[in-house]
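Here is a short report on backbone geometry and a ligand site. Have the sequence and the model open while reading.

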Amino acid sequence: MLIASPLASLPKQWQVWIEENLARSCEPASMANVMIRDGRFDPHLAYAAIEEARGAPVSPPPARQALPEIDTSANTVLAGDRMVDIRLSLKAPRIVLVGNLLADDECDALIRYAETRLERSPVVADRDGSNEVNAYRTSRGAMMQRGETALVARIEARLAALVRWPVENGEGMQLLRYEKGNEYRPHYDWFDPAMPGPRKHLERGGQRVGTVVIYLSDVEQGGGTSFPHIGLQVQPKKGSAVFFANTDPFGTPDQKTLHAGEPVEKGVKFIATKWLRAGAYR
Ligand SMILES: O=C(O)CCC(=O)C(=O)O
């Protein structure tokens, strides 16, 4: 049936959402994806409403893309040179908790290597994409080159096998130390194409489609990785890791991946963060 005004037929908050996102120059096809996801709106209605609001057709949605993904069909899975444990698997957002990813001596060696070169961890500035130090992220860390040491190369190959994603698409690992009170407040790892600073980072390797946070230490109290939109908290356990996909299969950033490194209350937390790009990162 033909609706006279598809836009007006939507709930008011979705009309406002469309107007606001168009005003922010969001990609119309990505907007349609958000509306269609989880069967919220009929695809024809979503497209027609956006077309009406912008006064122009919406180009077809981007093709489905491959994403990093872990095989969670069994309790243990071979990750290159090591059998690892699948401890928790969530479909949407895609989150997998992996146990036994690193041996204790591998964690200790990474910590020893990082300890000599720690600097305050930066975030990407929205205005120009530069590295900025602010109160949102108070850990200190060491940025590694890909393959910087034989151990790093071995772990990168293991991760690539685990998430079935090329080593070349990975950013260099970040080794991070959080002392009492240090935290990484709620944030997204994906780059927002609507912001000039993050948009620049998309030019090199594309979107950050996945994240792996590896726990190199236990933490006595606090320091969990939390996902506030879905009420999930992962407690650090030496050698384990949490993987999550930052976008849906069409490349649309997943708002549910908002996450935080909770303040450490007692002890010291060490992690290795690996960000995975859509394309080769050089
Ligand atoms: O510290 C954590 O648990 C999370 C780290 C994190 O969010 C990141 O490195 O993007």
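## Backbone and ligand shell

Pro 93 sits in the loop that links β2 (82-90) and β3 (95-99). The model is a predicted one. The peptide bond running from Ala 92 to Pro 93 is cis. Its omega is near 0 degrees.

Two loop residues come next. Ser 25 is not a glycine, yet its phi is positive. Arg 164 is likewise not a glycine and has a positive phi. The table sets out their values and places.

| Residue | Phi | Loop between | Other C-beta atoms within 10 Å |
|---|---|---|---|
| Ser 25 | near 60 degrees | α1 (12-23) and α2 (28-36) | 9 |
| Arg 164 | about 55 degrees | α5 (150-163) and β8 (174-178) | 13 |

Are these residues buried or exposed? Ser 25 counts as exposed because it has 9 other C-beta atoms within 10 Å, and the cut-off for exposed is 12 or fewer. Arg 164 has 13 such atoms within 10 Å, so it is partly exposed.

Now the ligand. Which strands each supply at least two residues of the shell around it? They are β10 (208-215), β15 (259-261) and β17 (269-277). Tyr 184, Asp 189, Thr 211, Val 213 and Thr 225 surround the ligand, together with His 259, Gly 261, Ile 271 and Thr 273.

How many shell residues are nonpolar, polar or charged? Three are nonpolar, five are polar and one is charged. The charged one is Asp 189. The nonpolar ones are Tyr 184, Val 213 and Ile 271.

Key. Residues numbered from 1 in each chain as written. Predicted model: local features only at pLDDT ≥ 70, side-chain atom pairs only at ≥ 80, totals over all residues. Helix = DSSP H or I, 4+ residues; strand = E, 2+ residues; numbered from the N terminus. Buried ≥ 20, exposed ≤ 12 C-beta atoms within 10 Å, placed from the backbone. Near = placed C-beta within 6 Å.
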